[in-house]
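Let's look at a structure together and ask how each label is earned. Have the sequence and the model open beside you as we go.

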Amino acid sequence: MALALKPTISVVFSFRDNDNKNSTMEVLIPGATAPATAITFATGMAALAVPLVDSTLTGFNVVIGYREAGALVIGSSDVENKALFLMTAANAQQSSVTLPSPLESILQGNNQDIDYSNADVSDFIDALTLGLSGVQPVNASGSDLTGVYDGYKQNRRSHVNGRQRKG
Amino acid sequence: MGMVARTHLLRLHWRDNDGAESWSQIYLSAATDYTTAIAHMLAMRDLAVALSSAACFGADFSIRYAENTAPAPAPESDNDRHGVLIFGADPDLLAIVRVPSIQSSLLLASGPYAGIALDQDAPALAAFVEALASGIAGIAACDPFGDDLGALATAYMQQT
């Protein structure tokens, strides 16, 4: 399967009102726009949007998306089952990375714990903790991920196209 | 007010064989250059695909900024009150930009659409629309298909 760049980049501005309700404004720009130019556009639009509203601009995201270009072929799977990797970080804060619908082959014999001796698992964890393509993943506060202190399968509710899943 | 860069967010989107969807997310340092971060995301996706029986149908790279000294919202602010800007001439290809908590002062004060339609001649609104249609830094907004927005067709307030 190959991913293709979406035809548009989504620039999403976030606003908070007096009741602490959050809302967003989305502006699309061409997908071929360079990321740095998209940031310039977003900053400029933010400055023009603020005089239009009486809520508070709290931030913006520039989202560059890729989607599968071909037809999806999906075998037996269930994204409500997740492989949960509990991570340690250089700032001693814990975080997690989840992977939906883990293959049974990456679980230990108890069908619950992650099998760290599996080569694909090892590659994935190394990419998280040692880096990949010259980039080191971090936790939400920006501290390098340094290791995995636990990994197991967990069941969590998922959604269908943003709606609550039935059943 | 100051916008500060947050960690980049990589999100992989998954779908299983009964249509349920989920995602994985990974953060990268805000100092990571964008091209390298995208290459990392696509390489990480290849590693993740080898671990899952679901289909990874998409990947999003988010460059995130947050206001670190945001002022308090005005007492009359209400994010359920939107300014709706509709662009384009072809009814099948209209594009919409919705502005939360639009200032009431931007509504027409007289005429049949008073209190409903936005005053397109108001300088702040005109500047915003001009930036969307004509661009900033050489980039103009577009519709979901990547085509130009076209001219503003109508603009009104909507309570949702």
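Q: What makes A:L84 and A:Y152 partners?
A: A:L84 stands opposite A:Y152 in β8(A). Helices (H or I, at least four residues) and strands (E, at least two) are DSSP runs, numbered from the N terminus. Two strands pair if DSSP finds at least two bridges between them. Strand β5 (residues 81-89) of chain A and β8(A) have nine bridges and run antiparallel, so they count as a pair by that rule.

Q: What kind of model is this, and how are its parts numbered?
A: This is a predicted model, in which local features need pLDDT of at least 70 and side-chain atom pairs count only at pLDDT 80 or more, while totals for chains, interfaces and linings use all residues. Residues are numbered from 1 along each chain as its sequence is written, and chains are lettered from A and ligands numbered from 1 in the order in which they are written.

Q: Why are β6 and β8 of chain A called edge strands?
A: The open sheet has the order β6-β5-β8 (chain A), with antiparallel pairing. β6 (95-100) and β8 (145-155) each pair on one side only. Neighbouring strands here are turned by 25° against each other on average, direction ignored; axes are lines fitted to C-alpha atoms, for helices over the stretch in contact, and angles run from 0 to 180 degrees between N-to-C directions.

Q: Which strands form the three-stranded open sheet of chain B?
A: Its order is β6-β5-β7, again with antiparallel pairing. The edges are β6 (95-100) and β7 (152-159), and neighbouring strands are turned by 20° on average, direction ignored. Seven bridges link β5 (residues 81-87) to β7(B), where B:H82 stands opposite B:Q158.

Q: How do you know that the two chains touch?
A: Two residues are in contact if their C-beta atoms, placed from the backbone, lie within 7 Å. By that test, 78 residues of chain B are in contact with 81 residues of chain A. The largest share of chain B's side, twelve residues, comes from β4(B). Nine bridges also join strand β4 (residues 56-68) of chain A to β4(B), running antiparallel, and A:F60 stands opposite B:Y65.

Q: Why is β2(B) described as largely enclosed?
A: A residue is buried if 20 or more other C-beta atoms lie within 10 Å of its own, exposed if 12 or fewer, and partly exposed in between. Six of the eight residues of β2(B) are buried, so the rest of the structure largely encloses this strand. β2(B) pairs antiparallel with β3(B) over eight bridges, and with β4(B) over seven. B:R11 stands opposite B:Q25 in β3(B), while B:W14 has B:C56 in β4(B) as its bridge partner.

Q: What makes a group of residues a nonpolar core?
A: The members are buried Ala, Val, Leu, Ile, Met, Phe, Trp, Tyr and Cys residues joined through C-beta atoms within 7 Å. The largest such core has 78 residues, and A:I29 is one of those with the most contacts inside it. Leaving aside neighbours within four places in sequence, A:I29 is in contact with residues including A:F41 and B:I139. In soluble globular proteins, nonpolar side chains tend to be buried together.
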